[in-house]
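Let's walk through this fold from the overall numbers down to a few individual residues. Have the viewer open alongside the text.

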Amino acid sequence: MLNVAHTINYYCYTDEGELKFSDKWILGGGDNYAVSYSQYIHIDFTSPISIIKYDVLNPEVDGTGGLGIWSIKPQLIDNYTDDVKVSFDIIDRSTTIWTISAKFVWENGSTKAVNFTLNVDTGEYKVLEN
C-alpha cells in the first residue's frame, strides 16, 4: 500500500488565471486539486479511497487547513487489498463534473484502470463502463 508522506505544492487560481495563494502540505498519501481560489478536492490513496472537498476560506482546526464540505468513499473496485498502489489522472475538469481515471497496481503485477465522473459540487460519482 502506498502510504508514504510527501509534499504537495498547492496553487489556487481565479477563473481568470490569477494566482490567489499557494501552499505546501505534507500528506500521508493523496493529492489536492483546486476547484477555485477558495476550494479544493483532496483524494486520499489510503484504504478505502476517500475524496473530500474543502473550503479553505473557512478554516477549522481539523488538520487539513479547511472546512470539509462533503466526503465520499467511492467503491471503484471489489478486490481492494492492502498491497494495491493507486494513482489518479484527471482527464477533464473543464466543468463541475470531472472525469477521472484511477489506476490500481497490485504487488503481483496485475493492474486495473477505472474511469469515473465526479460532481465536484455534490460529491456524486458514477463509474464509467470501460
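What percentage of the 130 residues of the protein count as buried? The figure is 38%, where buried means under 20% relative accessible area, exposed means over 50%, and partly exposed is in between (1.4 Å probe, protein chains only).

A quick word on provenance: this is a predicted model, so local features need pLDDT of at least 70 and side-chain atom pairs count only at pLDDT 80 or more, while totals for chains, interfaces and linings use all residues. Residues are numbered from 1 along each chain as its sequence is written, and side-chain values use heavy atoms, with hydrogens and water left out.

**The overall picture**

The protein has 10 strands and 0 helices. Both kinds of element are DSSP runs numbered from the N terminus, with helices being H or I of at least four residues and strands being E of at least two. Read from the N terminus on, the elements go β-β-β-β-β-β-β-β-β-β. About 7500 Å² of the protein is exposed, and carbon and sulfur atoms supply 48% of that; the areas come from the Shrake-Rupley method with a 1.4 Å probe, and for residues only the protein chains shown count as cover. As for contacts (heavy atoms within 4.5 Å), take those between residues at least 6 apart in sequence: 31% of them join residues at least 24 apart.

**Two open sheets**

One open sheet has 4 strands in the order β3-β4-β5-β6, with antiparallel pairing. Its edge strands are β3 (30-34) and β6 (67-72), each of which pairs on one side only. Neighbouring strands here are turned by 20 degrees against each other on average, direction ignored. For such angles, axes are lines fitted to C-alpha atoms (for helices, over the stretch in contact), and values run from 0 to 180 degrees between N-to-C directions.

Another open sheet, also antiparallel, runs β7-β8-β9-β10 and has 4 strands. At its edges sit β7 (85-92) and β10 (125-127), each pairing on one side only. The average turn between neighbouring strands of this sheet is 25 degrees, direction ignored.

Here are some of the strand pairs; two strands pair if DSSP finds at least two bridges between them.

| Strand pair | Sense | Bridges |
|---|---|---|
| β3 and β4 (residues 39-44) | antiparallel | 5 bridges |
| β7 and β8 (residues 97-105) | antiparallel | 7 bridges |
| β8 and β9 (residues 111-119) | antiparallel | 9 bridges |
| β9 and β10 | antiparallel | 3 bridges |

If you want to check the register, Ala-34 stands opposite Tyr-40 in β4. Ser-87 has Lys-103 in β8 as its bridge partner, Ala-102 stands opposite Val-114 in β9, and Leu-118 is partnered by Tyr-125 in β10.

Which residue in the turn of the β8 and β9 hairpin has a positive phi? That's Gly-109, at about 95 degrees, in a hairpin with 5 residues between the strands. The hairpin of β9 and β10 also has 5 residues between its strands, and there Gly-123 takes a positive phi near 85 degrees.

**The nonpolar core**

A nonpolar core is a set of buried Ala, Val, Leu, Ile, Met, Phe, Trp, Tyr and Cys residues joined through side-chain atoms within 4.5 Å. The largest one has 23 residues, and the members touching the most others are Ile-43, Ile-51, Phe-88, Ile-100, Phe-104, Phe-116 and Leu-118. Two or more residues each come from β4, β6, β7, β8 and β9, with β8 giving the largest share, 4 residues.

Phe-116 is a handy one to click on. Not counting residues up to four places away in sequence, its contacts include Ile-51, Leu-76, Phe-88, Trp-98, Ile-100, Tyr-125 and Leu-128.

**Two buried residues**

Ser-50 lies in strand β5 (residues 50-55). Is Ser-50 buried or exposed? It counts as buried, because its relative accessibility is 10%. Leaving aside neighbours within four places in sequence, Ser-50 is in contact with His-42, Ile-43, Asp-44, Ile-72 and Lys-73.

Ile-77 lies in the loop between β6 and β7. Ile-77 has 5% relative accessibility, so this residue counts as buried too. With neighbours within four places in sequence left aside, Ile-77 is in contact with Phe-104, Trp-106, Lys-112 and Val-114. The C-alpha atoms of Ile-77 and Val-127 are separated by 9.8 Å, although the two residues are 50 residues apart along the chain.
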